[in-house]
Amino acid sequence: MTDRPRLTVLSGPSGVGKSTVVAHLRKAHPEVWLSVSATTRRPRPGERHGVHYFFVDDEEFDKLIANGELLEWAEFAGHRYGTPRRAVLDHLDAGVPVLLEIDLQGARLVRDSMPDARLVFLAPPSWEELVRRLTGRGTEPPEVVERRLAVARTELAAEPEFDVTLVNTSVEDVAAELLALIR
Ligand SMILES: Nc1nc2c(ncn2[C@@H]2O[C@H](COP(=O)(O)OP(=O)(O)O)[C@@H](O)[C@H]2O)c(=O)[nH]1
Ligand SMILES: Nc1ncnc2c1ncn2[C@@H]1O[C@H](COP(=O)(O)OP(=O)(O)O)[C@@H](O)[C@H]1O
């Protein structure tokens, strides 16, 4: 057995600031490898194929599942999202710390298949602040925001399942705490 670095999974409700924290961390620490997920959702303005996500259609996603190419996958707010298995294992084998930013269902699946993974929950300072961030981001129409907030209520209840909780008050502080956990 090689001495593999640990897999870190960052999860938390939509709009809590996962992408913001991860972007901040990676800017200062590009040595942390962030898995790029496949998704059937359409790109938002500025999102690039292969950088933010691999944007695929339903048929391509079906193939990824059928070929066993996904470490885990889940349906979230009407779209499917999955972690390509090979790249994660290759980076871990090469000694590179790997970070996954995935939803609660995916975090549970990783916990079951890779018990050594460390599960980190990103929590909002308050419910009101979560609503403000998700609405303020302005990337989704009101009905999608509503759907994501409904999911967020159940996701917040799952916090005790995680190894660590970080409260996203300051992006800088949380990114530093996350880095310390990854290393
Ligand atoms: N299970 C799983 N969830 C994912 C994956 N990639 C992204 N997600 C999660 O899917 C949810 C929706 O992501 P997205 O549409 O980009 O919205 P955002 O996170 O609110 O910006 C978030 O909770 C992501 O963490 C994946 O590969 N697997
Ligand atoms: N610590 C923070 N304080 C204030 N606003 C934040 C903080 N972290 C993130 N945000 C803002 O909240 C919104 C949602 O953040 P985002 O990273 O897109 O969340 P997620 O990836 O969890 O869905 C964005 O507009 C972002 O700028």
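Me: Which residues come nearest to ligand 1, and what makes a residue near a molecule?
Reply: In this predicted model, 18 residues surround ligand 1, and Ser 37, Ala 74, Tyr 81, Ile 102 and Gly 106 come nearest. A residue is near if its C-beta atom, placed from the backbone, lies within 6 Å of the molecule or strand. Local features require pLDDT of at least 70, side-chain atom pairs count only at pLDDT 80 or more, and totals for chains, interfaces and linings use all residues. Residues are numbered from 1 along each chain as its sequence is written, while chains are lettered from A and ligands numbered from 1 in the order written.

Me: Which element gives the most to the shell around ligand 1?
Reply: β5 does, with 4 residues. The elements giving two or more residues are α1, β5 (70-76), β6 (79-84) and α4 (104-113); helices (H or I, at least four residues) and strands (E, at least two) are DSSP runs, numbered from the N terminus.

Me: How do the residues of that shell divide?
Reply: The shell around ligand 1 holds 5 nonpolar, 8 polar and 5 charged residues. Here Ala, Val, Leu, Ile, Met, Phe, Trp, Tyr, Cys and Pro count as nonpolar, Asp, Glu, Lys and Arg as charged, and the others, Gly among them, as polar.

Me: What surrounds ligand 2?
Reply: There are 14 residues around ligand 2, the closest being Gly 17, Lys 18, Ser 19, Thr 20 and Arg 133. Two or more residues come from each of α1 (18-28) and α5 (127-137). The shell of ligand 2 divides into 2 nonpolar, 9 polar and 3 charged residues.

Me: Why is α1 called roughly perpendicular to α7?
Reply: α1 and α7 (171-182) pack at about 70°, with axes 9 Å apart; axes are lines fitted to C-alpha atoms, for helices over the stretch in contact, and angles run from 0 to 180 degrees between N-to-C directions. Angles under 35 degrees count as roughly parallel, over 145 as roughly antiparallel, 65 to 115 as roughly perpendicular and the rest as oblique. The value for α1 and α7 therefore makes them roughly perpendicular.

Me: Which residues of α1 and α7 meet?
Reply: Thr 20, Val 21, His 24 and Leu 25 in α1 meet residues of α7, including Val 171, Val 174 and Leu 178; contact requires C-beta atoms, placed from the backbone, within 7 Å.

Me: What makes β4 and β5 edge strands?
Reply: Each pairs on one side only, in an open, mixed sheet of 4 strands ordered β4-β3-β6-β5. Strands pair if DSSP finds at least two bridges between them, and 6 bridges join β5 to antiparallel β6.

Conventions: Two residues are in contact if their C-beta atoms, placed from the backbone, lie within 7 Å.
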